[in-house]
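Student: I'm new to this one and would like a close look at a single part. Please pick a stretch and walk me through it slowly.

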Amino acid sequence: SASTADRNSYSIAAGWKPADSGLIPSISTGYSASDVENESDLESWYVGLEWSDVFIEGNSFGAAIGSAPSTDKLDNTIYEVFYSVAVTDNITITPAVFGIDEEGVDDKFGGIVKTTFKF
């Protein structure tokens with residue numbers, strides 16, 4: 001059954017992008033917390049970096065690390081690495097690998113290929 005406990009939650013997020021692409025990546029980060037009455041608190045966070053125009057103008061490379069909402073008694077870490085290839089002005093292909101390292105559970109690892117079409 002769903003909990004009807006009172007919750008107090010907050011989040012903060014920020015992002016920054018350099019004026020010129022190059023060695024300095026854009027940065028995004030965030031943190032969220034929720035205090036649930038008579039239950040464990042929930043917390044999550046993330047940090048992401050993305051470099052523009054990697055190898056070819058329009059392509060980008062990025063990586064992120066963070067945690068899914070969890071109680072302070074259960075640690076988990078989620079990570080991702082991707083390379084986005086601008087095939088045309090309207091088609092982008094992004095292969096990525098990701099993983100989840102969770103306390104007390106087998107690690108998970110996977111990959112995807114995302115294709116984006118702009119009309």
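**Strand 2 and its neighbours**

Tutor: Let's start with strand 2 and strand 3 (residues 42-52), which pair in the antiparallel sense over 9 bridges. Pairing here takes at least two bridges found by DSSP between two strands, and the strands themselves are DSSP runs of E, at least two residues long, numbered from the N terminus. Before going on: this is a predicted model, where local features need pLDDT of at least 70, side-chain atom pairs count only at pLDDT 80 or more, and totals for chains, interfaces and linings use all residues. Residues are numbered from 1 along each chain as its sequence is written, and side-chain values use heavy atoms, with hydrogens and water left out.

Now look across to strand 1 (residues 7-16): 10 bridges join it to strand 2 (residues 26-36), and these two run antiparallel. A good residue to click on is S32 in strand 2, which has S11 opposite it and S44 in strand 3 as a bridge partner. Further along, W16 is bridged to I27 in strand 2. Strand 1 lies largely in the open, because 0 of its 10 residues are buried (buried means under 20% relative accessible area, exposed over 50%, partly exposed in between, with a 1.4 Å probe and protein chains only). As a general point, side chains in a regular strand alternate between the two faces of the sheet.

Next, follow strand 2 round the bend. With strand 3 it makes a hairpin, with 5 residues between the two, and N38 in the turn has a positive phi of about 60°. That catches the eye because most residues other than glycine have a negative phi.

The loop between strand 2 and strand 3 also holds D41, which counts as partly exposed because its relative accessibility is 33%. D41 joins D6, D35, E37, E39 and E43 in a surface patch of negative charge. Patch members have over 30% relative accessible area and no salt bridge, and like charges are joined within 9 Å. Areas come from the Shrake-Rupley method with a 1.4 Å probe, and a salt bridge would be a side-chain nitrogen of Lys or Arg within 4 Å of a carboxyl oxygen of Asp or Glu. Asp and Glu count as negative, each charge being placed at CG of Asp or CD of Glu.

Finally, step past strand 3 into the loop before strand 4 (60-71), where you'll meet D53. Its phi is positive too, near 55°, and D53 is partly exposed at 36% relative accessible area. F55, in that loop, has a positive phi of about 70°, and F55 is exposed, at 77%.

Methods
Helices (H or I, at least four residues) and strands (E, at least two) are DSSP runs, numbered from the N terminus. Patches are made of residues with over 30% relative accessible area and no salt bridge: like charges are joined within 9 Å, nonpolar side chains (Val, Leu, Ile, Met, Phe, Trp, Tyr) within 5 Å.
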